Amino acid sequence: MASISSIFVVSTIAALLLYNFMKFCEQGFLPSILSDVWLPSKGEYGLLPFIAGTLWITAVAMTISLPLGFLTAIFMAEYIPRRLYSPIKSLIELLAGIPSVVYGMWGLIVLVPLVRDHLAPLIGSSLGKILPLFRVNVNTGFSILAAGIVLSIMVLPIMISVSEEVMRAVPMEYREAALALGATRWQTIKTVVLRLASPGIFAGIILSFCRAFGETMAVLMIAGNVVTIPSSLFDPAYPLTALIANHLPEMISIPSYAYALLTAGFVLFIITFSFNVIARLVIRRLKRVG
Amino acid sequence: MRRAMLEEMLIRLLMALATVVVLGFLLVILVDIARRGVSALSLSMLLELPRNAGREGGLLNAIVGSLYISSLATLFSASVGIPAGLYIAEFEGKSRIARAAGFAAEVLSGVPSIIFGVYGFIIFVIMLNMGVSLLAGALTLACLELPIIIKVTEETVKLVPSRVKEAALSLGATRWEVLSKVTVRQAAPGIATAVLLAFARGAGEAAPLMFTSGYSNFVPSSLLSPAANLPLAVYYLIMMPFPEAHIRAFAAAFILTVMVLSINWGSRMLFKRWSRYVVK
């Protein structure tokens, strides 16, 4: 009986969100998902600014965390002196344990002023003149960049631990064979370990993408929550999760508003759900082979 | 050859740099939280209720609320999750339901926490008519903790060596006796870890509780009254425009971080020590 609990919770969540999404479609709002007009009082529920906000922040987070996480994972799996391994491993696990609202607070009091007073003027006056991506349109510090940096730190532990685990699962004999042929350690990693572990590393990247995509508190506090479609790293954004967090209680009074908010939830759920399933299947298959 | 060596040196340098940056982030964040937290902390912060909309007084409401909500949530999810984990581990090969339940738990662990908030708000607060209350918050949090308890229980039960179970069976024990007297005892350290990890995870979450447990400046008097908690205290206080409130947010963040990290760390230590009494 008890074991059905997980099935029950997942299916009721899915059913609840799907039902409201269908209602949303039924009322003819479906095309408006991709509109950029958000005026709930006039019945305009364009979700595009929020989807764009989530995607921008997630993209920035992944761009920062990918090289860092990838290199650290190789170090942890292949190079690290045995004596250092368990202290560094537990430090990285510590990073995973910090509550997201604490990350948010840190971002709010440290990163937001940093972006506003230093990064934005510096980058805006140099790179910003050439590339619109770095242009400073409004400078409050509440920005995609600040939110992206915080999220990148938050997803690092997942990325590192998954990639490290799959690299460690590559049998020693394979490495020994490459080393015996005269390959350097990096050549061995590049041609043997990474090739075998790449699906698992990919899974790790997907899992951290999901984490960034669904994160709420940190982005709610530092992304700025302005309904626009951002065009630069220094623009504020309004991610889907923040939309739900700010407006959920208002839905009780207006049914169509409820459908719109739960459609936002549906988008979040369906994307994290499908990506998670893909990643888990990849990891499961790797474990069976290895 | 020289090029290969050069590449080797370069990649080692980059890796060391990346690792230092990752650890640097951790250090910077922890030092910052500790520095602000320690200077904000005082006895009245721990023992007094907030006054004047959080600008004076302490955090007692949030500390007690957090303990109530997380304990209750962990109690709910452990009483369902531990049997579920046992069942999945024991029957995964034979029962389709067990496999589906294991898969559902994995999926559930990837669901964003705000979705749990939406779910709890609609199901517990509105449909089941609990209102914004301690009970609704704890039930919502229990859903979020469920996959952690199930997965960790399942993993440790799978690690119990089959020869131990076979030995018991060969002595004439029934399957139920083997499960309750051998498997569960062998897996006990792992199950205890699961419970502690779930508690720590629940204690750090703010998004699921925003609309379910609500927030109040008093210690909750019943299951159906709203209850504050530390993560939401951090959020609400830091978003206020008063420096006095910010100081309380720093203190709340510090207490929360210390609590969550020490439970995480403690559960690992406990697991190591207890595991000595387990047949490997």
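**A loop asparagine, a shared core and the A–B interface**

A:Asn225 sits in the loop that joins α8 (217-222) and α9 (240-247) of chain A. Helices here are DSSP runs of H or I with at least four residues, strands are E runs of at least two, and both are numbered from the N terminus. The model is predicted: local features need pLDDT of at least 70, side-chain atom pairs count only at pLDDT 80 or more, and totals for chains, interfaces and linings use all residues. Residues are numbered from 1 along each chain as its sequence is written, while chains are lettered from A and ligands numbered from 1 in the order in which they are written.

The phi angle of A:Asn225 is positive, near 50°, in a residue other than glycine. A:Asn225 is partly exposed, because 18 other C-beta atoms lie within 10 Å. The burial classes rest on C-beta atoms placed from the backbone: a residue is buried with 20 or more others within 10 Å of its own, exposed with 12 or fewer, and partly exposed in between. The helix after this loop, α9(A), is mostly covered, with six of its eight residues buried. These are A:Leu240, A:Thr241, A:Ala242, A:Leu243, A:Ile244 and A:Ala245.

Chain A as a whole has ten helices and two strands. Its elements follow the order α-β-β-α-α-α-α-α-α-α-α-α from the N terminus. Along the principal axes, the C-alpha atoms of chain A fill a box of roughly 70 × 60 × 30 Å. Of the 290 residues in chain A, 50% are buried. Contacts were defined between residues whose C-beta atoms, placed from the backbone, lie within 7 Å. Among the contacts in chain A with a separation of 6 or more, 78% join residues 24 or more positions apart.

A:Val102 belongs to helix α4 (residues 100-125) of chain A. It counts as buried because it has 26 C-beta neighbours inside 10 Å. The C-alpha atoms of A:Val102 and A:Met217 are separated by 8.9 Å, although the two residues are 115 residues apart along the chain. Neighbours within four places in sequence aside, A:Val102 is in contact with B:Ile33, B:Val234, B:Ala253, B:Leu256 and B:Thr257. B:Val234 has contacts in both chains: with the same neighbours left aside, these are A:Val101, A:Val102, A:Met105, B:Ala249, B:Ala252, B:Ala253 and B:Leu256.

B:Val234 also appears in the largest nonpolar core, which holds 190 residues. Such a core is a set of buried Ala, Val, Leu, Ile, Met, Phe, Trp, Tyr and Cys residues joined through C-beta atoms within 7 Å. A:Val150, A:Ile222, B:Val234 and B:Ala252 touch the most other members of this core. Helix α5 (residues 144-168) of chain A gives the most to the core, with 17 residues. At least three residues come from each of domain 1 (2-40) and domain 2 (44-277) of chain B.

The bounds of these two domains come from an automatic or database domain assignment. The C-alpha centres of domain 1 and domain 2 of chain B lie 31 Å apart. Six residues of domain 1 of chain B are in contact with six residues of domain 2 of chain B. The domain 1 side of chain B has four nonpolar, one polar and one charged residues. Here Ala, Val, Leu, Ile, Met, Phe, Trp, Tyr, Cys and Pro count as nonpolar, Asp, Glu, Lys and Arg as charged, and the others, Gly among them, as polar.

Between the chains, 63 residues of chain B are in contact with 54 residues of chain A. The elements of chain B that give two or more residues to this side include α1 (2-40), α5 (113-127) and α10 (243-274). The largest share, 18 residues, comes from α1(B). By class, the chain B side divides into 52 nonpolar, six polar and five charged residues.

Helix α5(B) has 15 residues, 13 of them buried, so it is largely enclosed by the rest of the structure. At 1.5 Å a residue, α5(B) should span 21 Å, and its end C-alpha atoms are 20 Å apart, which agrees. The expected span is 1.5 Å times one less than the number of residues. α5(B) bends by about 30° at B:Gly120, where the bend is the angle between axes fitted to the seven residues ending there and the seven starting there. B:Asn129 follows α5(B), with a positive phi near 65°. B:Asn129 is found in the loop between α5 and α6 of chain B. It counts as exposed because it has 8 C-beta neighbours inside 10 Å.

Notes
Two residues are in contact if their C-beta atoms, placed from the backbone, lie within 7 Å.
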